[in-house]
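Student: Could we go through this structure together, with you explaining what stands behind each label?
Tutor: Gladly; let us take the labels in turn.

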Amino acid sequence: MKSTSSFQAALALPQPPLDLSGEHGEVFTRRWVVELILDLVGYTSDRDLAALQLVEPACGCGAFLTVIAERLSKSCRTHGRDITEARDAVQGFDLLPDNVMQARSVVRSVLMADGWPADDTQLIAEAWVNPGDYLLAEFELATADVVVGNPPYIRLEDIPPARMAAYRSTWPTMTGRADVFIGFIERGLRSLKPDGKLGFICADRWMRNQYGKHLRQLIGERFSVDAVVTMHDVDAFENEVSAYPAVTVLSNRSQASAVIADTTAAFGPSHAADVLDFAAGGSGVVRPKGKPYKLARLPHWFRGAESWPQGSPGRLAMIEYLTDNFRPLEDAATGTKVGIGIATGADKIYVVPERIDVEDDRLLPMAMVRDLASGAFEWSGNYLVSPWQATGLVELDDYPRLRSYLEQHGAALRKRHVATARPKTWFRTIDRVDVGLTGRPKLLIPDMRMTLHPVLDEGAAYPHHNLYYVTSDKWDLRVLGGLLMSRVANAFIEAYAVKMRGGTLRFQSQYLRRIRVPELASVTPADADALSAAFEARDVEAATAVAVRLYKLNEIGGFAE
């Protein structure tokens, strides 16, 4: 690999023999999108670009290098530099020799068209474009002012095994079933000088999927999310792909404000200029009538390794405001907890549709999803056969009828993983029974629905594992249920939860805990009555009207779409 004085080998990375087999994930970016990315990271020809160091990790046939060369050439003319002074200003990589040759040809053509001598353009092209694997190439970290590009779209399992192992051992954020661009983002970020910027267009699923967890953690600890422009339906590439792309700009500094833009299929070059203008100084939430985009500036980005929310700019602004200013649903101050019903590992044995011949205190009325359909808890008569007491598992010798029933199914029960791991307690369920939960009032929430559907159980049943529950020491559960029915609470689930086919949402504990609620003391008796009435009537709009007032959403422009 040809290296330049500015990128001398300081970090020796393991590099297996180059294997060019497998997928290469080449998707070529339209020029106006390249222009947008370069503008967002501040790589503009009015600056002295020859004094900067730009890295293009996967240059392909030169979509980015074309514009980079044009801008750098103009900058040299403006600042009285010879083009040879920009020899160290760009470092491009590509695995494929044909791409390297074509990218060098593009650079030469651009520079020669601007009047630079042929010998100089040849020198520059060879210095700028290098054959090699960006993820395993040797050059110093923390030396780049700018990293830009369209990293390849490849699943790790589609990469030759030796190269995949080298990637994983070198870039720790590449875990699980990650796309290879996860490593490109990590290396790009670690390559940045203080205040340096990275601008990529790539799929945005890493912001929410499990495999992006470690990358989100890294960014939250050390970097700033400056801008995200979602372009899922935009014609951003030279060939059609289904990649859920977004332009993402990150910088090596503490988190500052973040610009978010959401676009439709009609978004194009003229609209990109509007986004740039907003990024330069816009504030608040902007929903211009008749325009194929919506914009917002958030005070900061979302923190932590857990999934980042999704939604319109206005919705994200609302989520950030609520997260910053209100307590989470699960809260020690009110004794409010979120939990999930019991997983038995053998429902056909432990969940029975009627009373069976076991000791009476071994049968707990069980709440099932179908018991909540009407909005009121209507028990269907199912029981949980419970082998648990307050101190742990029962002694089967003390419960001969329970022993007899479980032994009838002993062969099946002993095959379960939970039983093979603990043979002496082969009759246990996967989850332990909380013996006090049955008699405690609780809101029951089905796992999979289009909207949040809390239903009050006054203390009649134990929840099945397809149900989540909310208990509280201080909240009137009808009042809390009204808040949870509101579209404000539902917005949290829509922002964070996995969405199934047809728009069905997963109402799991980790998403329910993201919901914010007002201080209990701020809920007036009139508000409480209104929320309780909305809950009993299953009136989402009435509940939302009260929630908007309690959350003071009118003060930030009303309830976001």
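Tutor: A salt bridge here is a side-chain nitrogen of Lys or Arg within 4 Å of a carboxyl oxygen of Asp or Glu. By that rule the structure holds 32 salt bridges. This is a predicted model, in which local features need pLDDT of at least 70 and side-chain atom pairs count only at pLDDT 80 or more, while totals for chains, interfaces and linings use all residues. Residues are numbered from 1 along each chain as its sequence is written, and side-chain values use heavy atoms, with hydrogens and water left out.

Student: What makes Arg31 and Glu35 a salt bridge?
Tutor: Their closest N and O atoms are 3.2 Å apart, and the cut-off is 4 Å, so the pair qualifies. The two are 4 residues apart in helix H1, which means about one helical turn separates them. Helices (H or I, at least four residues) and strands (E, at least two) are DSSP runs, numbered from the N terminus. Arg31 and Glu35 also belong to a salt-bridge network with Asp39, Glu70 and Arg71.

Student: Why is Asp397 called exposed, and Arg403 partly exposed?
Tutor: Buried means under 20% relative accessible area, exposed over 50%, and partly exposed in between (1.4 Å probe, protein chains only). Asp397 has 62%, so it is exposed; Arg403 has 30%, so it is partly exposed. Their side chains meet in a salt bridge at 2.7 Å, N to O.

Student: And Asp204 with Arg205: is each buried or partly exposed?
Tutor: Asp204, at 1%, is buried, whereas Arg205, at 25%, is partly exposed. The closest N and O atoms of this salt bridge are 3.1 Å apart.

Student: How do you know that Cys59 is not in a disulfide?
Tutor: A disulfide is a pair of cysteine sulfur atoms within 2.5 Å. The closest cysteine sulfur to that of Cys59 is in Cys61, 8.6 Å away, so the distance is too great for a bond. Cys76 is in no disulfide either, its nearest cysteine sulfur, that of Cys59, being 19 Å away. A search of the whole structure finds 0 disulfides. Cys59 is buried at 4% relative accessible area, and Cys76 is buried at 1%.

Student: What makes a group of residues a nonpolar core?
Tutor: The members are buried Ala, Val, Leu, Ile, Met, Phe, Trp, Tyr and Cys residues joined through side-chain atoms within 4.5 Å. The largest such core has 92 residues, and those with the most contacts inside it are Trp206 and Leu480. Helix H15 (residues 487–496) gives the most to this core, with 7 residues. A second, separate core of 55 residues includes Val41, Cys76, Val234 and Phe278.

Student: Which residues does Arg47 contact beyond four places in sequence?
Tutor: Contact means heavy atoms within 4.5 Å. Arg47 is in contact with Val41, Gly42, Leu52, Ser75 and His79. Arg47 lies in the loop between helix H1 (31–40) and strand E1 (54–56), and its 35% relative accessibility makes it partly exposed.

Student: Why do E1 and E4 count as paired?
Tutor: Two strands pair if DSSP finds at least two bridges between them. E1 and E4 have 2 bridges, in the parallel sense, with Leu54 opposite Val146 in E4. E4 is also joined by 5 bridges to strand E5 (residues 192–203), again parallel, and there Val148 stands opposite Gly199. Strand E4 (residues 144–149) is mostly covered, with 6 of its 6 residues buried.
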